[in-house]
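Visitor: I would like a close look at a single part of this protein. Could you show me the structure before I say which part?

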Amino acid sequence: WYQRRVRGEEGERFDVVIFATGYDTNLSFLSPECGLHTEILPRPLYRYLINPRYPTMAVFAQGNEIAPFPLSEFQARLFAASLTGQVSLPDPDRMAEEAWRMWRERGDDVPVKYRYQMGEEQFVYNKEIQRELGFGERPLFDLDALGQLYEDVRVRRSECPMVYREDEYRYCSERRAYVMCE
């Protein structure tokens, strides 16, 4: 990082970096000066997302056991709101303190790669962001229905690991739930 920009090996500058590394995040290309520990998982990340030292830098969807698209959508909206001033962030020291507190609360007995494990917690997290951004009566997603779908798929995966990927669901607005198609 150099003056809020990424500098390439040839000196070229980039304003934005978008990358997808699959299941194993590898951020070893980041300079230690960016303030993140990058082995296995990036840390500290304020609200699982924002680099406290450089709050214009975010690392998305780092949770384990997540529904990645809703989580990424909410994180992108929160990050954009922080960049435009719609949401105020605490000062960098406070963000780092909160991020490290969350990290320690996971416990030393939890391996590093599972420290951002979210599971059902992701829906509480997403609801907090949705509320914070003022979606109130017109939410982006029915997070209760998504949470129920997430749990149903988790159960199906454990009970029928060979066929659960073939299951299809549809949203039933009368029931405010996803139901498996016959």
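Visitor: Where is isoleucine 40 found? Please take me through that part in detail, along with whatever it touches.

Guide: Happy to. Isoleucine 40 is found in the loop between strand 2 and helix 1, and that loop is a good place to spend some time. Please keep in mind that this is a predicted model.

A little orientation will help. The protein has four helices and four strands, arranged along the sequence as β-β-α-α-α-α-β-β. Of its 182 residues, 35% count as buried. Among contacts with a separation of 6 or more, 51% are between residues 24 or more positions apart. Your loop comes after strand 2, which covers 13–14, and before helix 1, which covers residues 68–84.

Let us begin with the backbone. Isoleucine 40 has a phi near 70°, a positive value in a residue other than glycine. A cis peptide bond then joins arginine 43 and proline 44, with omega at about 0°. Proline 44 belongs to the loop between strand 2 and helix 1. Arginine 47 also sits in this loop, and its phi is positive too, about 55°, although it is not a glycine. The side of the backbone is one thing, the surroundings another: arginine 47 counts as buried because its relative accessibility is 19%, and the cut-off for buried is under 20%.

Proline 44 also gives us a link to another element. Its C-alpha atom is separated by 9.5 Å from that of arginine 101, a residue 57 places away along the chain. Arginine 101 is found in helix 2, residues 92–105. With a relative accessible area of 38%, arginine 101 is partly exposed, whereas arginine 47 in the loop is buried.

Further along the loop we come to glutamine 62. At 9% relative accessibility, glutamine 62 counts as buried. Leaving aside neighbours within four places in sequence, glutamine 62 is in contact with Thr25, Leu41, Pro42, Leu45 and Tyr116. The side chain of glutamine 62 also reaches the backbone oxygen of phenylalanine 60, at 3.1 Å.

Phenylalanine 60 takes us on to the aromatic residues. A search of the whole structure finds eight aromatic pairs. One of them is formed by phenylalanine 60 and phenylalanine 79, in an edge-to-face arrangement with 5.9 Å centre to centre and 85° between the planes. This pair links distant parts of the chain, since phenylalanine 60 is in the loop between strand 2 and helix 1 while phenylalanine 79 is in helix 1, 19 residues apart. The two partners differ in how much they are covered: phenylalanine 60 counts as partly exposed at 33% relative accessibility, and phenylalanine 79 counts as buried at 10%.

There is an aromatic cluster to look at as well, made up of Tyr48, Trp100, Trp103, Tyr116 and Tyr125. Tyr116 is a residue you have already met, as one of the contacts of glutamine 62. Tyr125 leads us to the next stop, as it is one of the helix 3 residues that meet helix 1.

So where does the loop's following helix go? Helix 1 packs with helix 3, residues 121–132, at an angle of about 35° and with the axes 10 Å apart. The crossing of helix 1 past helix 3 is left-handed. On the helix 1 side, Pro70, Leu71, Phe74, Gln75 and Leu78 take part, and they meet Tyr125, Asn126, Ile129, Gln130 and Glu132 in helix 3. By type, the residues of this contact divide into six nonpolar, three polar and one charged.

For a second loop to set beside yours, try aspartate 167, found between helix 4 (143–159) and strand 3 (169–172). Its side chain makes a polar contact with the side chain of arginine 156, at 2.7 Å. Apart from neighbours within four places in sequence, aspartate 167 is in contact with Arg156 and Met180. The C-alpha atoms of aspartate 167 and glutamate 182 are separated by 9.0 Å, with their positions 15 residues apart along the chain.

To return to where you began: the loop of isoleucine 40 also holds the cis bond's proline 44, the buried arginine 47 and the buried glutamine 62.

How values were computed. Residues numbered from 1 in each chain as written. Predicted model: local features only at pLDDT ≥ 70, side-chain atom pairs only at ≥ 80, totals over all residues. Heavy atoms only, no water. Axes fitted to C-alpha atoms, helices over the stretch in contact; angles between N-to-C directions. Helix = DSSP H or I, 4+ residues; strand = E, 2+ residues; numbered from the N terminus. Left-handed = near helix turned anticlockwise from the far one by under 90°. Contact = heavy atoms within 4.5 Å. Nonpolar A, V, L, I, M, F, W, Y, C, P; charged D, E, K, R; others polar. Buried < 20%, exposed > 50% of the residue type's maximum accessible area, 1.4 Å probe, protein only. Phe/Tyr/Trp six-rings, centres within 6.5 Å; stacked < 30°, edge-to-face > 60°. Polar contact = N/O pair within 3.5 Å; in protein donor to acceptor, adjacent residues only side chain to side chain.
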